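Hi everyone, thanks for coming. Today I'd like to walk you through the enclosed spaces in one protein model. Let's put it on the screen.

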Amino acid sequence: MPRLIFMNDRLVPEDEARVSVFDHGLLYGDGVFEGLRSYSGKVFRLAAHLDRLWESAQAIRLEIPISKEAMSKAVVDTLAANNLVDGYVRLVVTRGAGGLGLDPGRTSNPQVIVIADTISLYPAEFYEKGLRIVTAATQRISPAALSPRIKSLNYLNNIMAKVEGLQAGCVEALMLNHKGEVAECTGDNVFCVRSGTLLTPPTDAGILEGITRNAVLELAHAAGIPAREAVLTRHDLYTACECFLTGTAAEVIPVVEIDGRRIGNGAPGPITRSLKDAFHKLVRSEQA
Ligand code: PMP
């Protein structure tokens, strides 16, 4: 059965879902995207993902040609049309086709694409034993150059760091910001636990404000775990008791080694494990 893709206003078979070679999404990475997940038929924090998509678009002066309600329906319909109950959804809005020049004013027809697929998680072993990660030499792009809060179609900054991680035998890599502070990983936010307090870099460290990150901060508050945003250095992570990453695809995943330094006792810590469990309960309990 071919997958069905939502393109602009209707579902079409995968091989009919095409964009122009003149689309600035392809030519320049000019566009925005989102990644969402559905659990037992309910899309986790759909409204928050749509808000972030609309904010990304607003920041690059791209007008999304459909309403949030229509986008929300497209997400639900695309999952249903592909018989996906537990699935991953990619929303893409491109600038549309134009000439071979940067000017977005000379483009027309932004393309709205919704792809639903099965989710490919990291192997179960990583969730039980924890990840090894390395710091990439590639810095996270400075907010003065392009805000990392924009989830744009140009992910080369993250891809460069991902390649470095893979080269070192790691599935994720830590990225520092232009000041040398901890920012985030290539597709995940980062947390650590120091003296019983959960810490994560603030959004002005130049990160994507992750929806999983925000859910984990709420869960920590609800569980009475002290939690706050803090500027972190690599030293803070190297000497932390616990470390973990959060993301829509990864959920909550422990980190047990950074740049060859063992974190805590080298096994996922108790706060990480309790937040991981609480997150699993949350995604199954929240109403769509
Ligand atoms: N940082 C980056 C750079 C990302 O691409 C992602 C994944 N979208 C995240 C963090 C995690 O964000 P979320 O929890 O909203 O998936």
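Which strand gives the most to the lining of the second largest cavity? Keep that in mind while I set the scene.

What we have here is a predicted model. The count comes to 2 cavities of 30 Å³ or more.

Let's take the second largest cavity, with about 30 Å³ of space. Around this cavity you'll find Cys241, Glu242, Cys243, Pro254, Val255, Val256, Ile263, Ala267, Pro268, Gly269 and Thr272. Two strands each supply at least two of these residues: strand 15, spanning 242–247, and strand 16, spanning 251–258. And here is the answer to my opening question: strand 16 gives the most, with 3 residues. By class, this lining breaks down into 8 nonpolar, 2 polar and 1 charged residues.

Now please turn to the largest cavity, which holds about 60 Å³ of space. The residues lining the largest cavity are Leu36, Arg37, Tyr39, Phe44, His49, Ile211, Thr212, Thr248 and Phe279. In terms of secondary structure, strand 3 (31–39) and helix 6 (211–222) each contribute at least two lining residues. The largest share here comes from strand 3, with 3 residues.

How many residues of each class line the largest cavity? There are 5 nonpolar, 3 polar and 1 charged.

One last point, about domains. The lining of the largest cavity takes at least three residues from domain 1 (4–117) and at least three from domain 2 (124–285). So much from me; I'm happy to rotate the view for anyone.

Key:
Residues are numbered from 1 along each chain as its sequence is written. This is a predicted model: local features need pLDDT of at least 70, side-chain atom pairs count only at pLDDT 80 or more; totals for chains, interfaces and linings use all residues. Side-chain values use heavy atoms; hydrogens and water are left out. On a 1 Å grid over the protein atoms alone, a cavity is a set of points where a 1.4 Å probe fits but cannot get out, and a pocket is an open set with protein on both sides within 12 Å along at least five of seven lines; lining residues have an atom within 4 Å of a point. Grid points are joined across faces, edges and corners, and a volume is the space filled by probe spheres set on the points. Helices (H or I, at least four residues) and strands (E, at least two) are DSSP runs, numbered from the N terminus. Ala, Val, Leu, Ile, Met, Phe, Trp, Tyr, Cys and Pro count as nonpolar, Asp, Glu, Lys and Arg as charged, and the others, Gly among them, as polar. Domain bounds come from an automatic or database domain assignment.
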